[in-house]
Amino acid sequence: MLINVHSYYSLRYGTMSPESVVRTAREMGWGVLPLTDINTTMAMPVFYRLCKANGIRPLAGVDLREGNRQLAVLIARNAKGLDSINRLLTQRSLEQHTLNIQYMVDQLEETQIIYPLEALPERNLRASEWAGVRPSHMAAMVAMPPGVPKEKLVAMHTATFTGKWTWQLHYHLRAIHYSLLLSRLKPGQTAGKHHVWVSPGQLLKAFEKAPHIMENTSRLLQACSLEMDFTRSSKNKRTFTGHRKSDMELLRKLAYDGLQYRYGKTQKHASKRIDKELHIIGQMNLAAYFLITWDVTRYSMSRGFYHVGRGSGANSIVAYCLRITDVDPLELNLYFERFINPKRSNAPDFDIDYSWKERNEVLDYIFRRHPNGHVALLGAVSTFKERAALRELGKVYGLPEDELKRLSRNPAGAARQCDPVIRRILWLGKKMEGFPNLRTIHSGGVLISQEPLTHYTPLDMPPKGYPVTHWDMYVAEDLGYDKLDILSQRGIAHIRDAAAIVMENRGVKVDVHQVEDFKSDPRVLELLRQGRTMGAFYVESPAMRQLLAKLRCADYKTLVAASSIIRPGVTRSGMMKEYIRRYHRPQSFQYLHPVMKEQLEETFGVMVYQEDVLRVCHHYAAMDPGDADLLRRAMSGKYRSKKGFEKIRHAFFSGAHAMKRPEAITREVWRQITSFAGYSFSKAHSASFAVESFQSLYLKAHYPLEFMVAVLNNMGGFYAPWVYVNEARQQGAHIQPPCVNNGQIITCIRGKTIYLGFVYVHNLQQKMVQDIMDERDKNGKFHSLDDLTDRVNPPLEQLILLIRAGALRFTGRSKQELLWNAHILHGNQNYHGASGPLFLMPRKEYPLPVLEQSPRGDAWDELELLGFPVEMSMFDMLNTKHRGDVNAAEMKRYDGKTIRMMGQLVTTKPVITAKNEPMKLATFMDQYGQLFDTVHFPRATQSYPFRGAGIYLLMGEVKNELEHYTLNVQKMAKLPLKTNPLSAGQRKFLPKSPTSIT
């Protein structure tokens, strides 16, 4: 007969997981249990299942609050009541209004409303309304409110924690919530210490002087019940056309129309596969899901948007024929059952990637296409990780920033301290780890439901402007919802924009969907073979470039495998190196077991894809495909039951034993399987990435300058902008600083000349630049500094930034002259927008002293304002003429020898060794713009740490692995640059406090 129970989904308030809540209720003997988290019902599906499994009757409710003020506790009489509560919470969020009691009551149906005594309405209580009496009221002999009948009084005990330490945890969570020191918390901001769990006997004793209160409470709860449906059939949008039969007829027509587009008219093998898939799709009532996804991609293609359909959905030939995906499942022998099979209990999902520029338009279409309340983004829950928890706890104790950093970066070191505060923080941090912290939004999940989503969840309205479910994808999946993932990635924007820039700069139309032609293009294959993939989606990282070079990858199927074996699961198991060795010497190894040869011959006996796990489990250990798929899901982190995972492990070993497999081989097969945990790709996923890589590589191979401009204009990729600028220069581009007359806000290209965008100039106001562009487009190019100030009148500090960035080079005058004249012309005027004087008067010319301009001074300006020099390299700015003994192209001549090299730091990657020691991998660029890779083992990492961006002198041993050469660094030192040549007199022209920009 508890009325008000909180789990830790009462964010930064509750202290108990739903599992802990149900376990405590069972141990104390509660047979009926409502869960009433604060302003949310997000835990209800999980709570419901836990209660059913533990013989407890679950009830749904909410503790409704405005700030710290409790308005009421609501308990649903039935499923309609839960929907009513969720609609109320949704409306409150969508309309962002404060609830008043009367409004609340009018909105609720089939709901019991229990008011705390201090919030009772000033009128007679209705049939569904009750006055909640706390045990503390009875102990203090608080007089019951006059006019409230005895039959309207119920016991409202709040259960938030189990004892002293959980109350302390709650207290710290509240301080974190309010960003206050513990000493600054006020009583109303925390729960009372008496909000602890009690047994039925304790509660009866508390109300023994008023037995009618407990009788009323029992009657209230007996009138409530809850049933939740966890099957798929009733939740997702059931039809696309209005009838399931019509859906299947339309899907069949679209699939066969697409068959001709994809394969031509004579493809019996493909049509047989289509018929098989359509049979399963119809059997599982998934036609509407396919058609809804097709409708989204059809709309986006009609708008000229590019998309990539990836993930396990690419295993479907129907999806391929509907142009949802661009991966041919027949070419790669992908089996449909990995995506959908009758034994698979969880819902399938399509992952559709768009450019970050176009994703919101696609989402907008989806939300306008389907009724309000029936479509929402999937929520997510961010949890307290160890470091974040320690940092937040340290703040509420008032620890200084330096100590917070030490604590969060090295908890083990902090644990050795004797400071009681630190030890308390570490103890609480361990308790808090994994607690929900905030509700957020899934990266791309969209739900489209048959019935209103409020049947199962309230909806939030965050700043994005689309409603979001309170619970996450795991709960959605448990409930049987099929989600559609609408995601964004920069790689697609690179491809789309590059094709548009090629059309603009060269007048050539590129069809980026001709992937079959790209797969055999000699230029593309040569880039792959050499690992020259800078800027190309998914294949540009140092690790991927090294892998491609080691494999000498030169075909589509090898790239598909490479896209998967680069993942940590394969790498960590040691099978990536083994795969490379076997790839080059396929006769040099023996298969672990005949089953491995039979099932994994394509990948030389190495498990590379998630599908390989399914095949090995099924054929080696005779596991049921459904159990094998559960194991595969555990690999990808989507299956969370430890007990269930142990059951699968037992099934694997039992099955292998029954098949009389050798025990030692079984253990090794299991080791390889478990090494995949959380990191393996499905083959279809890798294939989707490989297709996009070929699209990028085709553009890079044939239109390298336009492609690099597209990369720069989409926030780059793996590397900093200067690396892509260097790559464009290596391909023959003439790189120019931003230019008032020839440039744009973003980077642009004219022939082979690339003008960097004004977006790269630090502290430059975007509105001012836009005014310049608008004025130039309207009235033509600018002729001089005078002309610019007359027509646009930028503020002095902004004008100085333009001059120093080289944007007024068209005037033919030096920066120093321009800076002098900027002060003379502008004085102390303020910027008022793009409106100059009505009449232009001739200005008096003043004689100027002889002013020198040095390339090094320009380079320093560019380094400060753009982040990198444009016309000089960083090597030209060094204080030394030494350039090392060996450059990148010469490394192969020094295999096994200790040499000195000089390189500009490109990127680093931290690594933890098997002995738990930190080391680093790095990439540098030599004076000729060529990249080389380095390894910094723990001793070198500790003795010679990296000291930020710049040029380093490196000494180390050259190592060769399959014709890829790296430098194992023994010593290194960062080299100083020549000083800025600007004199003190010239520095006075620099803005003292640049205007910060948006």
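Trainee: Of the 998 residues of the chain, what percentage count as buried?

Mentor: This is a predicted model, and in the chain 56% of the 998 residues count as buried, where buried means under 20% relative accessible area. As for the surface, the chain exposes about 44,100 Å², and carbon and sulfur atoms supply 51% of that area.

Trainee: Why does the radius of gyration of the chain agree with that of a compact globule?

Mentor: The idea is to set the value beside the one expected for the number of residues: with 998 residues a compact globule would have a radius of gyration near 30 Å, and the chain has 33 Å, which agrees. Taken along the principal axes, the C-alpha atoms fill a box of roughly 100 × 80 × 65 Å.

Trainee: How many helices and strands does the chain have?

Mentor: The chain has 40 helices and 23 strands. Among contacts between residues at least 6 apart in sequence, 70% join residues at least 24 apart.

Trainee: How should I read one helix, and how many residues of α23 are buried?

Mentor: In general, an α-helix has 3.6 residues a turn, so residues three or four places apart point the same way. Helix α23, which spans residues 556–565, is mostly covered, since nine of its ten residues are buried, including Tyr 556, Leu 559, Val 560 and Ile 565.

Trainee: Which backbone nitrogen does a side-chain oxygen of Asp 555 reach at the start of α23?

Mentor: The side-chain oxygen of Asp 555 comes to within 3.2 Å of the backbone nitrogen of Lys 557.

Technical notes. Residues are numbered from 1 along each chain as its sequence is written. Side-chain values use heavy atoms; hydrogens and water are left out. Helices (H or I, at least four residues) and strands (E, at least two) are DSSP runs, numbered from the N terminus. The radius of gyration is taken over C-alpha atoms; the globule rule is 2.2 Å times the number of residues to the power 0.38. Buried means under 20% relative accessible area, exposed over 50%, partly exposed in between (1.4 Å probe, protein chains only). Contact means heavy atoms within 4.5 Å. Accessible areas come from the Shrake-Rupley method with a 1.4 Å probe; for residues, only the protein chains shown count as cover. A polar contact is a pair of N or O atoms within 3.5 Å; within protein, one must be able to donate a hydrogen and the other to accept it, and residues adjacent in sequence count only if both atoms are side-chain atoms.
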